[in-house]
Amino acid sequence: MLKNKICKTISCLLPIKSWRKKLRKYGALEISKPQIDVAPQNEIILTNKYANLKNLKIIIKGSGNKIFIDTDNINIINGLNICIDGSDNEIKILSGNKIDKMTFMINSNNCSLSIGKDCFFGGVTINADLTAQGRKLFIRDESIISTGVYLALGDEHPIYDLATKKLVNNSPNKNIEISERVWICRNCIILKDTKISHDSIIGAASVVKGHFDESNIILAGNPAKTVKHGIYWKKNLDNFEKTAL
């Protein structure tokens with residue numbers, strides 16, 4: 001913080017604008033850099049090294065993991081935490097996202113987690129445990145994921161058939177796909193093998209599993225079911241609605 005203030009003060013005395021800008025960026029770099037503890041043979045790409053990333057934390061064990069974050073236009077308010085203990089996983093976060101609190105936990109291999117553009121995450125945990133090997137998660141553009149939402153690509157622990165001793169919960173194709181403009185309300189649980197179509201809403205504290213191919217619906221309950229059809233939602237009221245109120 002002191003370094004940043006000193007650089008800003010000195011920059012005011014410089015005659016050339018480009019020098020002033022460079023000095024101010026240099027001063028801000030120390031306080032805005034992420035916390036990174038990454039084993040060798042992993043790849044991290046942050047598109048803008050001057051972005052304010054002081055609330056970004058990345059810890060990686062294993063090898064062959066790739067993280068891409070478009071940091072040109074990202075707002076990390078209280079924390080984006082990425083913890084990987086596995087190999088050949090991939091996380092991709094595109095631009096325009098506003099993140100209050102978000103945690104990625106991967107304890108598996110060959111998983112792919114992809115976040116689209118212009119989403120909001122209030123307090124979200126994404127977990128890919130040992131049983132999630134090879135699975136994928138997609139959250140498409142302009143979705144809102146509220147506080148306390150938990151997305152589980154696995155079952156937390158392996159489950160075996162008593163007679164054959166074979167693992168029964170390791171199918172790689174049970175992915176999670178959240179389409180464009182899906183609003184997931186507080187304290188929902190989204191389980192593996194789930195697809196939510198665009199412009200839909202998931203009511204608070206719902207537990208969701210299954211493929212919901214119809215768009216513009218409201219899901220609610222445990223297990224979640226369609227409770228309303230033919231809706232759309234917006235972040236703000238239209239002008240005529242404000243007037244009517």
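# Exercises on a predicted model

Of the 245 residues in the protein, 39% are buried. The model is a predicted one. It has three helices and 18 strands. Among contacts between residues at least 6 apart in sequence, 31% join residues at least 24 apart.

## Exercise 1. The aromatic pair

Task: Describe how the rings of Trp183 and Trp233 are arranged, and say which parts of the chain the pair ties together.

Solution.

Step 1. Start with the count, which comes to one aromatic pair. The ring centres of Trp183 and Trp233 are 5.7 Å apart, and the planes stand at 55 degrees. Planes under 30 degrees apart count as stacked and those over 60 as edge-to-face, with the rest tilted. The pair is therefore tilted.

Step 2. Place each residue. Trp183 belongs to strand β13 (residues 183–184), while Trp233 is in the loop between β18 (224–228) and α3 (239–244), so the pair ties together parts that are 50 residues apart in sequence.

Step 3. Check accessibility. The cut-off for buried is under 20% relative accessible area. Trp233 has 5% and is buried, whereas Trp183 has 30% and counts as partly exposed.

Step 4. Look at what else meets Trp233. Arg181 lies over the face of the Trp233 ring, 4.3 Å from its centre. Trp233 also belongs to a separate second core of five residues, which includes Cys185, Ile201 and Ile231 as well.

## Exercise 2. The salt bridges

Task: Find the partners in the three salt bridges, and say where each partner lies and whether it is buried or partly exposed.

Solution.

Step 1. Take Arg181 again. Its partner is Asp199, with the closest N and O atoms 2.3 Å apart. Asp199 is in the loop between β14 and β15 (201–202) and Arg181 in the loop between β12 and β13, so this pair ties together parts that are 18 residues apart in sequence. Both Asp199 and Arg181 are buried.

Step 2. Take Asp155 and Lys192, whose side chains form a salt bridge at 2.7 Å, N to O. Asp155 sits in the loop between β11 and β12, and Lys192 in strand β14 (residues 189–196), so the parts tied together are 37 residues apart in sequence. Asp155 is partly exposed at 27% relative accessible area, but Lys192, at 7%, counts as buried.

Step 3. Take Arg140 and Glu177, which meet in a salt bridge at 3.4 Å, N to O. Arg140 is in the loop between β10 (136–139) and β11 (144–152), and Glu177 is in strand β12 (residues 176–178); this pair links distant parts of the chain, 37 residues apart. Arg140 counts as partly exposed at 29% relative accessibility, and Glu177 counts as partly exposed at 23%.

## Exercise 3. The largest nonpolar core

Task: Which residues touch the most other members of the largest nonpolar core? List the contacts of Phe104.

Solution.

Step 1. The largest nonpolar core has 46 residues, and Phe104 and Ile126 touch the most other members.

Step 2. Set aside the neighbours of Phe104 within four places in sequence. Phe104 is then in contact with Leu80, Asn81, Ile82, Cys83, Ile91, Ile93, Leu113, Ile115 and Ile126.

## Exercise 4. Strand β4 and its partners

Task: Describe the two faces of strand β4 and its pairing with β2 and β6.

Solution.

Step 1. Sort the residues of β4 (residues 66–69) by face. Ile67 and Ile69 make up the covered face, and Lys66 and Phe68 the uncovered one.

Step 2. Pair β4 with β2 (residues 43–46). The two strands are joined in the parallel sense over four bridges. Ile44 stands opposite Ile67 of β4.

Step 3. Pair β4 with β6 (residues 90–93). These strands also run parallel, joined by four bridges. Phe68 stands opposite Lys92 in β6.

## Exercise 5. A glycine in a loop

Task: Where does Gly62 lie, and which residues does Gly62 touch?

Solution.

Step 1. Gly62 is in the loop between β3 (56–61) and β4. Its relative accessibility is 34%, so Gly62 counts as partly exposed.

Step 2. Leave out residues up to four places away in sequence. Gly62 then touches Ala39, Pro40, Asn42, Gly86 and Ser87.

Step 3. Compare sequence and space for one of these contacts. Gly62 and Asn42 are 20 residues apart in sequence, and 7.9 Å separates their C-alpha atoms in space.

Definitions and conventions
Residues numbered from 1 in each chain as written. Predicted model: local features only at pLDDT ≥ 70, side-chain atom pairs only at ≥ 80, totals over all residues. Heavy atoms only, no water. Phe/Tyr/Trp six-rings, centres within 6.5 Å; stacked < 30°, edge-to-face > 60°. Buried < 20%, exposed > 50% of the residue type's maximum accessible area, 1.4 Å probe, protein only. Lys NZ or Arg CZ within 6 Å of the ring centre and 35° of its normal. Salt bridge = Lys/Arg side-chain N within 4 Å of Asp/Glu carboxyl O. Core = buried A, V, L, I, M, F, W, Y, C linked by side-chain atoms within 4.5 Å. Contact = heavy atoms within 4.5 Å. Pairing = 2+ DSSP bridges.
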